[in-house]
Amino acid sequence: MENKNVFLPSYSIGENVYAEVAKLCMPYGKKVVFIGGKTALEKASHLVKKELDKVGIEILATLWYGGEAAFENSEKLKHEKAVQDADVIFAFGGGKAMDTCKVLTGQMGKTLFTFPTIASTCACVTSVCAMYKVSGEFDSLYWRTRPAEHTFINTKIIAEAPDKYLWAGIGDTLAKAYEPEFSARGKELNYYNSVGITLSKLCSEPLLKYGYKGLEDCKNNKVSSELEEVILSIIVNTGIVSNHVINDYNSCVAHALCYGLTIYPKVEHKHLHGEMVSYGVLVQTMLDNKLEELNKLLKFYRQINLPTSYKCFGLSWEEMSGVFEKAYSVNDVRVAAFEVTVEKLSKAVQSLEEYVTRN
Ligand SMILES: [Zn+2]
């Protein structure tokens, strides 16, 4: 039997969560570097700095991550003197900034603290990094030995961020409720996969219950218990599921359909990842013939305006055949409850169109 290392997300959450940073950083050292997105650094870094100043933790530099989760950017950062001298790297921003800093600290063997400023992905608590070329084209996956040493989820900063990120984050998280179970169905599951599949329920239940209110509160820049539930589901629960199930179970039809939609630049430029994935969740639910689940989802999608038809992406039925071909070609659909074919995908989308008009 192979040895296994399991790391659960280590996190703090709250409106005033940066008050915990100095205490948790001290054991690792007193020299840090801030790296992040420009907006993220502007919104959050001064608040963290204030806490570090109180105990004499020095910020050696504040650096932009480079704009894309690319090895080229992590390489550039690696050559910065301040980065080499730092005991801890503080990463601010969304998924791309997180993944760049995960690669950087993974390769350099440095401690990483993450400061998500939007709730759209679980990147701040997972080991996996989705790396792209600087041109934006997908490159490859990279695995840090473990997730960030600690994550500070400031609910006030997330409440004040544009609500479209939370909205898309909800869409992407819903996929984590359905894809792992659909992929793993009928297979013998060991402990780790069972943990992931069991917890995947918490990627939909809290969202269907608190998602509408949480999103409204985000629109009004207001922290609430509902918003906190939604953030925990998007960031932490998705991360736990993703860190526990094997990669084959992490995604299926919903993501495959999203990759299909992105073959059209007009779709890719105008729609967020989570938005496209959320539509894929409906298609997968129809393909799986889970109508009761579909009804629950449709009610929620209409409440918060997630897409329920391929027409929401401005595509014609003829253009959709390219989407099905691409969706069928990706690895995501290879492991599923039953064989997924181009014909079945096309049929599911058609049935969904009819179902949505009737119900
Ligand atoms: Zn996704």
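Here are a few notes on the cores and two of the helices in this predicted model.

1. Start with the largest nonpolar core, which has 93 residues. The members that touch the most others are Ile35, Leu166, Ile170, Leu174, Ile235, Leu261 and Tyr279. Both domain 1 (11-159) and domain 2 (163-358) feed into this core, each giving at least three residues. A separate core of 19 residues lies apart from it, and its members include Val17, Phe34, Ala40 and Val88.

2. Ile35 is worth clicking on. Leaving out residues up to four places away in sequence, its contacts are Leu41, Leu63, Trp64, Tyr65, Leu77, Val83, Ile89, Phe90, Ala91, Phe92, Cys101 and Leu104.

3. Next, helix 10, which covers residues 225-244. From first C-alpha to last, its 20 residues reach 27 Å, close to the 28 Å expected at 1.5 Å a residue. Even so, have a look around serine 233, where a kink of about 35 degrees is centred. Most of helix 10 is covered, with 15 of its 20 residues buried.

4. Helix 17 takes in residues 342-358. Its 17 residues span 25 Å between the first and last C-alpha, close to an expected 24 Å at 1.5 Å a residue.

5. What is buried in helix 17? You'll find Val342, Leu345, Ser346, Ala348, Val349, Ser351, Leu352, Glu353, Tyr355 and Val356 there, so Glu353 and two serines, Ser346 and Ser351, are on the buried list too, each under 20% relative accessible area. As for partners, the buried residues of helix 17 pack against helix 12 (253-261), helix 14 (273-287), helix 15 (291-304) and helix 16 (317-329).

Definitions and conventions. Residues are numbered from 1 along each chain as its sequence is written. This is a predicted model: local features need pLDDT of at least 70, side-chain atom pairs count only at pLDDT 80 or more; totals for chains, interfaces and linings use all residues. Side-chain values use heavy atoms; hydrogens and water are left out. A nonpolar core is a set of buried Ala, Val, Leu, Ile, Met, Phe, Trp, Tyr and Cys residues joined through side-chain atoms within 4.5 Å. Buried means under 20% relative accessible area, exposed over 50%, partly exposed in between (1.4 Å probe, protein chains only). Domain bounds come from an automatic or database domain assignment. Contact means heavy atoms within 4.5 Å. Helices (H or I, at least four residues) and strands (E, at least two) are DSSP runs, numbered from the N terminus. The expected span of a helix is 1.5 Å times one less than its number of residues. The bend at a residue is the angle between axes fitted to the seven residues ending there and the seven starting there.
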